[in-house]
Amino acid sequence: MQNVLPAPEKAGLNISALHWAGFLGIAVLVLVTSGIGLPSVLVVALGVAGMATLVLSWLGIGRLAAGLPERRLYWIAVSWCAPLLVARPLFSGDINSYLAQGLIAAKGLDTYLVGPAEALGADSPVTMAVSHYWRDTPAPYGPAFVALARTIAQIAGDAFVPTVLLHRLLGLIGIALMAWALPRLARRVGVSPSIALWLAVLNPLVLWHIVAGVHNDGLMVGLMVAGLELVLMGAAKSGAARPALIAAGVIAVSAAANIKIVAVAGLLFVGVDLFRRATPAGRVAVALGLPAGFAAVTAAISLGSGLGFGWVRVLSGVSGQVHSWMAPTNELGFLVGGVGKIFGADLTDGAIEVFSLIGAILGLAVGARLLWLTYREKLHPLYAAGLTFAAMLVLGPVVQPWYLLWTVALLAVSLTTDRGRWILAVVSAVFGVLLPPANGGAVSLALGYLIAVVLIGGTLFVLKRKGLLPEIRFRKSRT
């Protein structure tokens, strides 16, 4: 296996250069999207150039990450996050939906029955800021998140900036939980903690979509991985099991699933592994205790928040109402629909339903197979859970770039080959520049991306000619 190591005398210079190049890219992105009045094509061009600078810097740091102390990576993460704390919400308008759902819940209305238009009024500025796709739909999130959004609404009202800052605080809590849990999980599998931090916490998708984009996936993933670490810590092979730690872990993962239900997959795979390793009496405790703990936490959140169990009813319906263009199953549906239009038939919606059903069936089969391999000790539970999240992305009806973080967080601590890690890194890098930082017509977007490519390519060419690019030396390693 080829492992990439820096020349010792160059490592400090390389990391510093890459660190601050990435910071500069972020600063450019924040500046050009701040509303300073640039034409949209320049906002796209300069914003994408800044994004690409960060992505390339991140990939460069990845070649040196194994030899870096964790504290150095924490410092890079903090400095990269800092400019984005004052940025406008980027890449998505979901924060407007969060605001609307919080206000609906604060008014005492059922967020799982009514959408923003009905609850707040179609002419409300808050409703009008919500994407037209979601103005008439109920909340698709679990009661833990809706309760948090309600609390923020009770504090900030309909004021947008405080709402964004408070939701960003939730995302930062999630990132902090990831920063605590991922190195510990990595050590359990025999993966470098520094590589796990680089691949997951410094990932451009965290910066763009958790910090800048203010998505609740950050808190969900943070609670999930922290909970899994607590469960595994409590069930460690050495010494007696510590039920209090296991219970705390179940509570954390269950809370994550009450933000987005997909988080329960992590608990399911760890539970299967605990069941396999337990004594006969212990297997009974695992088989009954983990589901009972999840059910108890869910009931406590649903009833304690006053939001009830209406969220269960909308789990399968709301998100799938919008045909996500990134979902492979939807792409197949669009293809069939396009062919149908040639012959005068409208087949798109029906084809998408069929392919979504096929995807769901295949997804269940893949998940069942991975559970079986985990039980047979063929796969580590964290790796199998990460693959399950990947299957959800490939076979599910809704795909967004930030959904990739579900699988990145678990594969970062369980992939044991450089090749696997770099495949995941390259996929993250592609998703990291996929969405533009500003809206615009097709011509504006295409021209903006073209200018960004020229800017980045020209800069790299000049730096290379002048010998200013950080050099990284390679050597063979059997690790």
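This passage describes the domains, nonpolar cores, cavities and selected loop residues of a predicted model.

The chain is divided into two domains by assignment. Domain 1 spans residues 93-162, and domain 2 spans residues 323-397. Their centres, taken over C-alpha atoms, are separated by 30 Å.

The largest nonpolar core contains 122 residues. Six of its members touch the most other members: Ile 61, Trp 80, Leu 84, Trp 208, Val 225 and Leu 382. Helix H11, residues 217-234, gives the most to this core, with 10 residues. Both domains take part, as the core draws at least three residues from each of domain 1 and domain 2. Another core lies apart from it and has 10 residues. Among them are Leu 99, Ala 100, Ala 119 and Val 126.

Leu 84 illustrates the contacts around one member of the largest core. Neighbours within four places in sequence are left aside here. Leu 84 is then in contact with Ile 26 and Val 30, and with Arg 168. The remaining partners of Leu 84 are Leu 207, Trp 208, Val 211 and Ala 212. Trp 208 is thus both a contact of Leu 84 and one of the six core residues named above.

Two cavities of 30 Å³ or more are present in the structure. The second largest cavity has a volume of about 50 Å³. Its lining consists of Tyr 98, Phe 145, His 167, Leu 170, Gly 171, Val 214, His 215, Asn 216 and Leu 219. By class, five of these lining residues are nonpolar and four are polar. The lining has no charged residues. Helix H8, residues 160-189, gives the most to this lining, with three residues.

Val 214, one of the residues lining the second largest cavity, has an unusual backbone angle for its type. Most residues other than glycine have a negative phi. In Val 214, phi is positive, near 60 degrees. This residue lies in the loop between helix H10 (204-212) and H11. Val 214 has a relative accessible area of 2%, under the 20% limit, and therefore counts as buried.

Phe 91 also has a positive phi, of about 70 degrees, although it is not a glycine. Its place is the loop between helix H3 (70-84) and H4. The relative accessible area of Phe 91 is 13%, so this residue is buried.

Tyr 112 lies in the loop between helix H4 (94-106) and helix H5 (116-120). Its relative accessible area is 1%, so Tyr 112 is buried. Tyr 112 and Gln 101 are 11 residues apart in sequence, and their C-alpha atoms are 9.4 Å apart in space. Beyond its neighbours within four places in sequence, Tyr 112 is in contact with Pro 138, Ala 139, Tyr 141, Gly 142, Pro 143 and Val 146. Further contacts of Tyr 112 are Leu 307, Gly 310, Trp 311, Arg 313 and Val 314.

Leu 434 is found in the loop between helix H20 (418-432) and helix H21 (442-465). At 34% relative accessibility, Leu 434 falls between the 20% and 50% limits and so counts as partly exposed. In sequence, 386 residues separate Leu 434 from Val 48. In space, the two are 9.2 Å apart, C-alpha to C-alpha.

Technical notes:
Residues are numbered from 1 along each chain as its sequence is written. This is a predicted model: local features need pLDDT of at least 70, side-chain atom pairs count only at pLDDT 80 or more; totals for chains, interfaces and linings use all residues. Side-chain values use heavy atoms; hydrogens and water are left out. A nonpolar core is a set of buried Ala, Val, Leu, Ile, Met, Phe, Trp, Tyr and Cys residues joined through side-chain atoms within 4.5 Å. Buried means under 20% relative accessible area, exposed over 50%, partly exposed in between (1.4 Å probe, protein chains only). Helices (H or I, at least four residues) and strands (E, at least two) are DSSP runs, numbered from the N terminus. Domain bounds come from an automatic or database domain assignment. Contact means heavy atoms within 4.5 Å. On a 1 Å grid over the protein atoms alone, a cavity is a set of points where a 1.4 Å probe fits but cannot get out, and a pocket is an open set with protein on both sides within 12 Å along at least five of seven lines; lining residues have an atom within 4 Å of a point. Grid points are joined across faces, edges and corners, and a volume is the space filled by probe spheres set on the points. Ala, Val, Leu, Ile, Met, Phe, Trp, Tyr, Cys and Pro count as nonpolar, Asp, Glu, Lys and Arg as charged, and the others, Gly among them, as polar.
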